[in-house]
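Below is a short note on the model, set out as numbered points. Please read it with the coordinates open.

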Amino acid sequence: MIVPPVSNALDPYGGRRVSLATCHGKERALARPFHRGLDLTVVVATGFDTDQLGTFSGERSRPADARQTCRQKAEAGMDHTGLDLGLPSEGSFGPHPSFPWLAVNQEWLTFVDRRAGLVIADSLLANRTNFEHRVVSPGDDIEAWLRRVGFPSHGLIVRPHLGDASGEAPVIKGVRTARALAEALGRCAGASIDGRARLETDMRAHCNPTRLGVIRTLAFRLVRRIARRCPECAAPGWGPGEGLAGLPCGWCGLPTPRLRADVRECVACDHRQERPRRDGRRTADPGDCPRCNP
Ligand SMILES: [Zn+2]
Ligand SMILES: [Zn+2]
């Protein structure tokens with residue numbers, strides 16, 4: 001019988017290396033939490049084009065949703081580095097699911113242990129994001145907008161508003177100086193059928209300190225989860241699972257889509273624990289009830 005060394009059983013990741021497939025400088029947010037919390041060294045899978053797996057700027061469509069993309073990135077990064085630990089990260093931006101006038105940034109971070117067959121994932125929905133776009137003509141006063149989206153500490157992407165008369169639509173990314181912006185604006189507006197350019201916030205991590213901060217917060221959270229052991233089988237990654245819907249309506253008692261319990265679960269075995277909601281709520285607002293507020 002092969003008995004793993006005791007230190008390994010207690011600390012399966014100490015001193016090991018984990019591959020990160022990124023062209024966008026995410027190691028700046030991830031290296032420290034993983035090193036401090038788990039003694040893991042983040043190795044960037046260099047020369048590896050993560051854009052093959054879809055990009056934010058839209059010139060290549062995403063092959064799958066973020067979770068799926070995360071998984072593909074992990075496999076590709078591990079194949080590339082020959083390591084059996086992978087750390088894919090993926091983000092999306094758009095309207096808040098409940099408050100569509102607010103922009104949100106959802107980040108996913110996944111830790112894949114190929115040898116043990118474990119996938120430990122966490123995600124974070126952040127209201128703090130500069131995600132925005134605007135169509136402008138050369139000469140428009142956009143100072144206030146630029147301040148709001150954090151330019152120039154945060155980069156911009158510039159493209160023609162309506163197609164490209166010449167057939168080769170320029171997309172200029174990572175614009176971070178007033179001069180580069182003026183040039184890009186002139187070029188893209190000139191190429192657009194209506195003479196206008198579309199400005200977008202560049203959400204790639206290395207161009208967006210706000211997003212990098214969200215990824216860092218999520219990294220600390222995932223590190224804490226990886227360090228927590230399942231009380232039943234001792235596998236790493238004990239943490240929140242899908243919450244249970246069905247908090248009863250405060251008027252009629254019918255189950256609502258609101259969560260009635262927090263769930264913690266193991267990523268390796270079937271063990272799970274249900275706890276009452278942390279905020280102590282026992283009933284849902286009738287506004288959330290399908291019968292009282294159809
Ligand atoms: Zn377990
Ligand atoms: Zn009701």
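**Notes on the predicted model**

1. Residue L109 is part of strand β5, which covers residues 103-113. The model is a predicted one, and L109 is buried in it because its relative accessibility is 1%, under the 20% cut-off. Its C-alpha is 6.1 Å from that of S123, although 14 residues separate L109 and S123 in sequence.

2. S123 also belongs to the group of residues that lie nearest the centre of the largest pocket, together with D122, R221, P240 and G241. This pocket holds about 1300 Å³ of space, and its lining is made up of 31 residues. By class, the lining has 12 nonpolar, 4 polar and 15 charged residues.

3. Which elements supply at least two residues each to the lining of the largest pocket? They are β6 (118-126), α6, β13 and β14. The largest contribution is that of β6, with 7 residues. As for domains, the pocket lies between domain 1 (6-129 + 207-227) and domain 3 (244-288), because both give residues to its lining.

4. The zinc ion (ligand 1) is bound through the SG atoms of C230, C233, C266 and C269, at distances of 2.3 to 2.4 Å. The sequence spacing of these donor residues is C-x2-C-x32-C-x2-C. The pair C230 and C269 joins distant parts of the chain, 39 residues apart: C230 sits in the loop between α6 (209-227) and β11 (239-240), and C269 in the loop between β13 (259-265) and β14 (272-276). The arrangement is tetrahedral because the 4 donor atoms subtend angles of 102 to 116°, within the limits of 85 and 135 degrees.

5. Are C230 and C269 buried or exposed? C230 counts as buried because its relative accessibility is 3%. C269 counts as partly exposed, at 24%.

6. The zinc ion (ligand 2) has C249, C252, C289 and C292 as its ligating residues, again through SG, at 2.3 to 2.4 Å. Here the spacing in sequence reads C-x2-C-x36-C-x2-C. Angles of 103 to 112° among the 4 donor atoms make this site tetrahedral. Ideal angles for four tetrahedral donors are 109.5 degrees. Of the donors, C289 is buried, with a relative accessible area of 1%, whereas C292 is partly exposed at 29%.

7. D288 is found in the segment after β14. Its relative accessibility of 27% makes D288 partly exposed. D288 and R258 are 30 residues apart in sequence, yet their C-alpha atoms are 7.4 Å apart in space.

8. Some backbone geometry should be checked by eye. The peptide bond from F151 to P152 is cis, with omega near 10°. P152 is placed in the loop between α4 (143-148) and β8 (156-160).

9. Which residues other than glycine have a positive phi? D39 is one of them, with phi of about 55°, and A234 is another, with phi near 70°. D39 is in the loop between α2 (27-38) and β2 (41-44), while A234 is in the loop between α6 and β11. D39 is partly exposed, with a relative accessible area of 38%, and for A234 the value is 38%, so A234 is partly exposed too.

Notes: Residues are numbered from 1 along each chain as its sequence is written. Chains are lettered from A and ligands numbered from 1 in the order in which they are written. This is a predicted model: local features need pLDDT of at least 70, side-chain atom pairs count only at pLDDT 80 or more; totals for chains, interfaces and linings use all residues. Side-chain values use heavy atoms; hydrogens and water are left out. Donors are N, O and S atoms within 2.8 Å of the metal (3.2 Å for Na, K and Ca); water is not among the atoms, so sites may look incomplete. Four donors count as tetrahedral if all angles lie between 85 and 135 degrees; four count as square planar and six as octahedral if opposite donors are over 155 degrees apart and all others between 65 and 115; anything else is irregular. Helices (H or I, at least four residues) and strands (E, at least two) are DSSP runs, numbered from the N terminus. Buried means under 20% relative accessible area, exposed over 50%, partly exposed in between (1.4 Å probe, protein chains only). On a 1 Å grid over the protein atoms alone, a cavity is a set of points where a 1.4 Å probe fits but cannot get out, and a pocket is an open set with protein on both sides within 12 Å along at least five of seven lines; lining residues have an atom within 4 Å of a point. Grid points are joined across faces, edges and corners, and a volume is the space filled by probe spheres set on the points. Ala, Val, Leu, Ile, Met, Phe, Trp, Tyr, Cys and Pro count as nonpolar, Asp, Glu, Lys and Arg as charged, and the others, Gly among them, as polar. Domain bounds come from an automatic or database domain assignment.
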